Structures are given as C-alpha cells and as structure tokens.
Amino acid sequence: MAESLIKVKNLVKYFPIKSGVLQRVTGYVKAVDDVSFEIARGKTMGLVGESGCGKTTIGRTILRLYEATSGTVEYDNLNLFDVSRSELRKLRPQIQMIFQDPYSSLSPRMPVGEIIGEAVREHRIVPPDQYRSYIIETMEQCGLQKHQIDRYPHEFSGGQRQRICIARAIALKPRFIVADEPVSALDVSIQAQIINLMTDLQNEMDLTYLFISHDLSVVEHISDFVGVMYLGDLVEYGSRDRIFAKPLHPYTKALFSAVPVPDPARKMSRIILEGDIPSPANPPSGCKFHTRCPMRMPICSEEIPQTITYPNGHQVACHLYTKDQPEAGDTDES
Amino acid sequence: MKDSYIKNTIMNRLRKTKLKGSSKARRAGMRKLRHVNRENQRLMNQYERTQKKVTIKPSDYQCEMRDQKNVVEFDNLQTHFFTDMGVVKAVDGVSFDVPKGKTVGVVGESGCGKSVTSLSLMRLVQRPTGQIIGGQIRYNNGTETVDITKVPIHKIQKIRGNEIAMIFQEPMTSLNPVFTIGSQIDEIIKLHNPGMSKKAIRGKSIEMLRVVGIARADGIYHSYPHELSGGMRQRAMIGMSLACDPKLIVADEPTTALDVTIQAQILDLLRNLKDKVDASIMLITHDLGVVAEMADEVVVMYAGRVIEKGTALEIFQDPKHPYTVGLLNSKPSVNKSVSRLYSIPGNVPNPINMPGYCYFKDRCDKRMPICDGDYPPMIKISDTHLVACWLWSEEVLRNG
C-alpha cells in the first residue's frame, strides 16, 4: 500500500442537544462515533451511507470546519487538530472541499473570475501580474470558457456551476479534496461529464479524494477504496473490488441490493430492510444495525461488534465474522 | 390595472436584463418586450376564456379511445408557457398510451417536460402562464371516454384525486404541515364520497395507512407530517392517493428524495399495490434504474418531445436513439466497470426559440446532412418500438 496522505484515527464528533430556557445540554447526537481509516496518496476513497449517517460530518471534521470531539486526523504525518491557526491557514490551500449544491455554494454577487480567484489572491498562489491568466488557465482546465470570466453564477447551468466549484478548489493547487456529493444535484448526462472531469484532474494533478456520496454506482466508478457507514460507524471498509464483489456486512449487502440496475431482464433477489434509520441521538444498544438486520442474533443487541481486519485490508464490524474465519476474508489480495 | 401590471413586469425585466448601450437601443428593447407581453396577454386571455366556460356540452368533450385497452392516451399534447422571455414549449407534441394495469415509465432529464405532461393530465398546469394549447388527452374511466383538455372544471374535480391520483416528489412539501396525516386522508375520502359517515371515513383512512405498510396506523393517523421520517411520509402520500381506488396513479419522482434502502421499500410497495388495486401507474423519473425495474413500457423525452418509446426490454437492451444510448452509457452501474464514462457533450438546449431541426442534433455524435432538415417523424422499429431519429428512416437505411 502506498504512503497514506490522510490518516483518520478514532474520530468522534458529537453534537450537543440543548433544550430548555437555560439551553442546558440534554444529550448528544452521535454523528461520528469512533471512525478510523487511511487514504493513500493519489487514491480515492468513497464514503457511502444513507442520509444522516455522518458522511458529511466526517468530511467537514477532517477540514476542521467542525471541531472534533476526540480522535486525530493526520495529514502528511501532521496532526491537523494540533496545528495553530496560522499554521492551519498555510495548510488550507492544500485541503479543499467541493460542496453538494452548486446553486447555494456560489455567491450570487461575485463574477466567476472573482469566485475562483479570491482565495488565489488571498493565499498568494501566483504573483499578482499572472493572476488573471492563471484564473483563465484554471477555468479552461475545468472546461469553462475564457469569455465567461466576468459572468455571474446565475448565468450558468447546474453542470457548469459545479465546474466553477471544482475550478475554485483546484485553483489553490490542493493535494487533498473532500467532495461532498458533488454530482447528486445534477442530471445523468451532466453527472458523467463532472465525474470524468474529476478523474482527469486527479490524474493530472495527483489529487487525493474523499468522495462522499449516497449513489453507489458513482462511488463504485470513481473509488479505489470504499467505506460504508451506518449511524456514525464505519461498518465495512476495503478496496472497491473486494467490497463490491464480496460485501460482508449485512447492511452493505442490503444497500447494494437496493440499487436499481438499468437492466429490466435482471431481476435481483432484493434484501429489503425493515423500518427507518434510528435516531443518532438515541442509537440502539450493541450493534446499531441490529434493529433492521435480517441476520440478527441474540448477541447483537448486547455487545458492540469489534472491527475485524483481514490480511487483505478488508475491515468489517459484525458479529457474524470472527478473525479466524478464512472463508469470509479469503487471502487473495485484489 | 392591467396596464400597470404590464408596465411593472416590463420594468422588472429591463432591470434584470441590464440592457446596455444607447437610449435608442434601450427603447427598441423595451418596444420588443412590450410587444411580447401584449401578444402573450392576448393569447392567455383567449385560452383563459375557454377554460372558464362552465356550460360545455358533453358532446364537446366526449370522444373515442383509439384502443379500448388503454386508460389514457396522450395525443399530440402541447402545453406552452407564455413568459416574458418568449413562449416556452415545455410539452410540444407528446403522444403515448398508458395501457390498463401496466406501468409506463417516463424518463428524461430535468426540463424535458415530463412533469408538465403529468400536470397537464391533472389539469394542474400553472395558469394563466401555462396553457394546454393543443392535442388531446383521452381518458377512459370504464363508462365514458372524455378529453381531459376540454372537460369543464367541475368535472375534472371529480376525476382528479378520485380516478387519477398523484404522488408528488417531495412528501414534505406536498403534505400540509398544520393538519394531521389522518385528517388529510379523511378530506379526500369525504370529498369524493359525500355520503360516508365520519366513522366509516376514519376506518377507511386507517385501513389505507395499513395497506401501505405503516405498522402503528392508529398512532400515525393522529401524527403531523413533521413527526414522520421521509419514507413514512411517502407511504402516507401513497396511502392518500390510493384512498379512492384510482384507475391511474401518476407518480412524479416518488423516490427521488429518499435513500436507496427506503427507495427499495417504496418501489416494492408500489409494485405490490398496483396488482392489489388493479390500477395503472405512470411513473415519472430521471433514474433509469428505477424505470428498468418498475416499468413495462418506457417513454424517453427530450426537450418537450418523445424521442423514443417501446417496451422496457426494447429500450434498455436495444436503444435506437443516440440520446437514449448516451443516457444509458453515461450512467455508471454497479458491477459493470468502465475506465471512462461516456458523456453526452453540451447541455439541454434553451427551451425558447427551439430550432426547426432535430433538437438533439447539436449534441449528437451521429448527425448526418439530413438532420439539418425537418424534425424527424416517429419511425417504427417494431409494433411497440418507435423512435424519432433520421438514422432509422428508410432512405438512410437503404443507402447504408
């Protein structure tokens, strides 16, 4: 495995619930509960899960947009939660984010050139005399045209806006990008354009992505490694090929079988989960998935399953598997 | 009052469009806008007058179905919006049938007119800007056949929600937040069955909630929409739409706002219910996967027109129109890895001032000299499979 650029260790983020006149803390929403993973340089990790499972919170906590409750995030062997404000400011250009909704994440009062260039100027990425030509170069790299530099976001379509968001991120010459559902708000034909753009940029600039999405087919296409989340826990993690070929966790299996396949001839045996996701403020005891799990056992409601790591890097947190079960995590490295 | 309205809209328009240049040019721009506005007003008034007519003879709206097996036949439907920017032809000559007991999937990207088609069927297009200006929507309720575009308002109110029910995209915005789920379902049953007693209505509502798989139906009856999760709300919406035993259910993106696991539950529910209540479903979605799974027949729309229709197997295994092919290839699919996704270049064209030639020509990688000519007609591939593309016309096929 190549050297890791990002190492997330035991990351925990609780949001306090305040109530009453005195705004006393009456409980916590356990958005992210003890999650660890690593992302190798130049690779893409896909993070999947249903809404409210904490995918976005992980992305934002890594960027220190939220302060973590506990745990560490190492970027290039530097603990991001320890660095001072001025140091963090120096690191900011290297870690960028692309947001979900290209309609609300662009200021309607700024022309495109200014949106892309604001941070470039602020961080002095290029000398002032090359500023404009650099912006144009970045725009062209992202498939926007030179003459559009003075236009405003409302003059663009959804796909083009997402290109602007990507241009804004890569203009700072980042090394790591958190892409939070970058294609969810776009039409299918535009989605493909944006995904291709992101893979091209990754090859050109040696970028590392954390790709957050609920769309499994998109994640399968773009990721090298996949993490599956449920209610703040990382229930399964492994290389893309392994996870999609041989999912272990019952939740992953159900999630994959729920994806509609555009082929009417293929009738899948579908695992339909009962009920909804429980509230993260009051998660079930033991394994959080046991309330909906089709394969639950008595132990599931009592004991929290430990994460098992197989020699090939496949991790799973489920009572169905034990470390010395060779058939579950067979030895071939994919 | 009307004059001031026109003046205000023109001024607003001008402010927005930032007309630069000399005052002469500005005046010319203003004149043009005023002209568009007058023309729109004239047309809208004309359509409004026919809409508001109460006394319409039954012979004016009764008609004959082409095929008795169909519930609804769209025949060259045209729904236009008269905006200050010009006329938007949101639906421009759409024809397809919904057979009894079948599911018809309508697919297309945003802005292709799929929702407007369904709203036209319900006569819910935003008036006075939006008007059905031509074509027929023939609807057969078993006893008589009517043309939905012509029936008087009091008659459509008996059909809407009763015989044709609609499930909307966002269950949060389409349920009223200040009434309980129960009272909202009660209202529909009461409206369409005036003779029913309160107790019977309540019983029917709770039964409906049970049918859609809500376990605690009595409790949910008294809850407000915000107390339910997205999936539960959509279930309640489906229960509401089924309350009057509809002949046709129009589902407009019923699962777009939901998670995949919940989506699987809802689709499963819809499929089971369809057989139980013996209704047809018109499923409107942009998700090709959902269509493949649910639909018996598929209609592909692009820029307000049907470009291809056929059975699900024909569309997904043997797509003929370059747009359908592109759409299918650009969707990444689980367990089918490709190194690079196919992407259709360019964007959906501007709905105002559509060209005279094929709307897809500018994005098409198979365009030929003939594509500069007229808009292609629907060409028959098989009895059920039709495509609007010159690639499959006789002369092109003959010349190879």
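Helices and strands here are DSSP runs, numbered from the N terminus, a helix having at least four residues and a strand at least two. With that convention, A:Asn77 falls in the loop between β4 (70–75) and β5 (78–79) of chain A.

Good morning, colleagues. The model before you is predicted, and I shall speak about its backbone and then about the contact of its chains.

As background, most residues other than glycine have a negative phi, and most peptide bonds are trans. A:Asn77, although not a glycine, has a positive phi of about 60°. Is A:Asn77 buried or exposed? A residue is exposed if 12 or fewer other C-beta atoms lie within 10 Å of its own. A:Asn77 has 9 such atoms within 10 Å, and therefore it is exposed.

A:Leu231 also is not a glycine, and its phi is positive, at about 50°. This residue sits in the loop between β9 (225–230) and β10 (233–239) of chain A. The threshold for a buried residue is 20 or more; A:Leu231 counts as buried because it has 24 C-beta neighbours inside 10 Å.

In chain B, I draw your attention to the peptide bond between B:Arg127 and B:Pro128, which is cis, with omega about -5°. B:Pro128 belongs to the loop between α4 (114–122) and β4 (130–140) of chain B.

Let us turn to the contact between the chains. Chain A contributes 33 residues and chain B contributes 39 residues. On the side of chain A that touches chain B, α6 (188–205), α7 (216–222) and α9 (250–258) each supply at least two residues. The largest share, six residues, comes from α6(A). By type, this side of chain A comprises 18 nonpolar, nine polar and six charged residues.

Note on methods: Residues are numbered from 1 along each chain as its sequence is written. Chains are lettered from A and ligands numbered from 1 in the order in which they are written. This is a predicted model: local features need pLDDT of at least 70, side-chain atom pairs count only at pLDDT 80 or more; totals for chains, interfaces and linings use all residues. Two residues are in contact if their C-beta atoms, placed from the backbone, lie within 7 Å. Ala, Val, Leu, Ile, Met, Phe, Trp, Tyr, Cys and Pro count as nonpolar, Asp, Glu, Lys and Arg as charged, and the others, Gly among them, as polar.
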